[in-house]
Amino acid sequence: MRTRPWTTIVLALLLGAAAAAAADFEAVFEDATLRVDTYHGGDAASERITIDRVLRQGPWAGSRTLLVDPFPSGGYLVEARDAATGELLFSQGFDSYFGEYRTTGPAAAGVARTYHESVLLPFPRRAIDLRFTARRRDGSRLLLAESRIEPAAAAAEPPARGAVVVEAQVVAPPARALDIAILGEGYTSAELDAFRGDLRRAADALLGFEPFAAHRERINVRGVLLPSAESGCDEPSRGIFRDTALGLTFDSLGSERYLLTEDNRRLRDIAANVPYDALVIMVNHERYGGGGIYGLYCSFTARSPWADYLLLHELGHSFAGLADEYYSSEVAYNDFYPRGREPEEPNITALLDPGGLKWRDLVTQGASLPTPWEKEAYDARDGTYQAERRRLTQEIAEATRSGAPPEHLRALADEEDALAAAHSRWTAEFLGAGTAAGVVGAFEGAGYSSEGLYRPQTDCLMFSRRAQPYCAVCRRAVEAMLLRHVR
Ligand SMILES: [Zn+2]
């Protein structure tokens with residue numbers, strides 16, 4: 001079992017990183033980005049990666065001193081070795097759309113699918129051997145692809161044309177900053193001002209939120225908009241389809257609020273207009289929706305009353321590899337986190353070895369592990385809310401498909417928001433007044449499971465729906481990731 005202690009990682013980031021000289025980087029890499037496009041396909045039982053094409057793009061935005069990934073996050077790992085010496089030059093863990101697909105029912109039933117994906121590396125001066133492996137939850141690794149890359153073979157294709165770049169905040173060179181690119185989706189050319197306004201709000205929310213706020217003088221935020229032919233995005237379960245720049249759609253992987261795009265090539269071509277460490281897709285839509293895949297991107301609906309929460313929660317997934325801390329009282333266990341194995345995400349644990357808990361150094365003195373909380377009372381109220389929410393979701397989908405008048409749809413959407421807001425307020429008050437409020441321990445109920453998985457605090461941005469702070473453990477994980485990007 002591979003659970004590196006987070007204290008060790010953070011200490012290495014704070015103390016050791018600066019020791020590796022920038023000269024080492026320049027001996028091996030150029031200040032450019034190597035983008036390797038791949039096809040990643042298969043089903044639950046088998047998978048394979050093949051190289052599509054290799055591109056040379058703009059300046060390298062990532063770390064120049066921590067080239068080998070210090071984090072255990074991500075179900076996949078890409079490693080680049082010097083082809084002549086075999087020396088490990090670069091590695092990066094990541095998750096992917098295919099990685100999510102392979103956990104679904106159709107994949108388990110043997111339905112194979114293929115997704116387009118990309119990995120970004122600093123541009124090598126000499127030939128490299130690229131190796132992709134899947135990191136299985138039992139700790140084993142599966143080789144998915146091995147390929148020699150000659151730098152001279154990289155195509156210097158320019159980024160997608162017609163995109164508007166808006167600098168929300170640019171304060172440091174890409175090499176020393178966390179570069180966040182916010183791509184606009186579903187904004188027409190007549191909605192450029194709306195995009196600018198939404199970008200400003202999103203950048204302010206992000207830069208005002210800890211731990212980003214503490215490091216804001218080292219964070220660049222750039223907006224990129226390729227105008228769409230139509231506003232919004234696809235909503236298949238409501239029978240709505242729009243022609244948009246990035247192809248975002250609700251109902252991704254069969255989940256109603258899950259907002260993703262399968263058009264990775266287009267996404268990367270548009271994003272290539274700016275240097276980036278993290279991709280955010282901001283969707284011109286009012287409905288509650290979003291998604292976040294570690295190392296890939298996160299998405300959120302900019303016009304939802306929950307926009308700030310969605311952005312920061314989904315960024316927790318895509319940027320720092322955080323797990324969802326919420327669960328449903330109806331699901332005791334789930335296949336996503338098999339029993340008896342420690343999840344690799346920094347903010348949930350199976351608590352198989354309380355003495356070796358990965359956030360042990362943050363645990364409140366005197367707190368027992370697991371830590372008691374008012375779970376039965378929470379579950380009773382939350383269960384009622386979830387049932388009500390499901391009923392309303394279904395009613396809205398049916399009303400939309402049957403062409404109900406806009407005012408009726410508006411009323412249903414308002415009812416849904418009011419229901420969620422009331423539950424959010426109740427949760428905040430209930431947990432805030434609980435015996436374990438503010439305590440760091442191990443609280444049962446996390447990672448979609450009511451039993452057997454534990455979260456660090458009773459409430460967190462990754463647990464309940466509102467723009468509240470990350471818990472102490474999530475905050476540290478996000479900050480550690482941020483520090484890697486600015487070194
Ligand atoms: Zn948390």
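The domain assignment divides the protein into domain 1 (6-153), domain 2 (164-321) and domain 3, the last made up of two segments (325-353 + 367-468). The model described here is predicted. Between domain 1 and domain 3, the C-alpha centres are separated by 33 Å. Their contact involves 6 residues from domain 1 and 7 residues from domain 3. On the domain 1 side, the residues that touch domain 3 comprise 2 nonpolar, 2 polar and 2 charged.

An open sheet of 6 strands is found with the order β8-β10-β9-β11-β13-β12 and mixed pairing. Its edges are formed by β8 (164-169) and β12 (290-293), each of which pairs on one side only. On average, and with direction ignored, neighbouring strands of this sheet are turned by 20° against each other. Within the sheet order, β10 stands between β8 and β9. The pairing of β9 (residues 178-185) with β10 (residues 219-225) is parallel and extends over 7 bridges. One bridge partner pair is glycine 184 and leucine 225, the latter in β10. Helix α6 (residues 264-271) lies across β9, β10 and β11 (278-283), and runs at about 120° to β9.

At the other edge, β12 is joined by 4 bridges to β13 (residues 297-301), and the two strands run antiparallel. Glycine 291 has serine 299 of β13 as its bridge partner. The hairpin of β12 and β13 has 3 residues between the strands, and glycine 295 takes a positive phi near 80° there. In a regular strand, side chains alternate between the two faces of the sheet. For β12, both faces are covered: Gly290 and Gly292 are buried on one side, and Gly291 and Ile293 are buried on the other.

The largest nonpolar core contains 114 residues. The residues with the most contacts inside this core are Ala181, Leu183, Val280, Met282 and Cys474. Ala181 and Leu183 fall within the residue range of β9, and Val280 and Met282 within that of β11. When residues up to four places away in sequence are not counted, cysteine 474 touches Gly316, Leu322, Asn347, Cys460, Leu461 and Met462.

Arginine 390 is located in helix α8 (residues 375-401). This residue is classed as exposed because 11 other C-beta atoms lie within 10 Å, where the cut-off for exposed is 12 or fewer. Arginine 390 and glutamate 416 are 26 residues apart in sequence, and their C-alpha atoms are 10.0 Å apart in space.

Notes
Residues are numbered from 1 along each chain as its sequence is written. This is a predicted model: local features need pLDDT of at least 70, side-chain atom pairs count only at pLDDT 80 or more; totals for chains, interfaces and linings use all residues. Domain bounds come from an automatic or database domain assignment. Two residues are in contact if their C-beta atoms, placed from the backbone, lie within 7 Å. Ala, Val, Leu, Ile, Met, Phe, Trp, Tyr, Cys and Pro count as nonpolar, Asp, Glu, Lys and Arg as charged, and the others, Gly among them, as polar. Two strands pair if DSSP finds at least two bridges between them. Axes are lines fitted to C-alpha atoms, for helices over the stretch in contact, and angles run from 0 to 180 degrees between N-to-C directions. A residue is buried if 20 or more other C-beta atoms lie within 10 Å of its own, exposed if 12 or fewer, and partly exposed in between; C-beta atoms are placed from the backbone. A nonpolar core is a set of buried Ala, Val, Leu, Ile, Met, Phe, Trp, Tyr and Cys residues joined through C-beta atoms within 7 Å.
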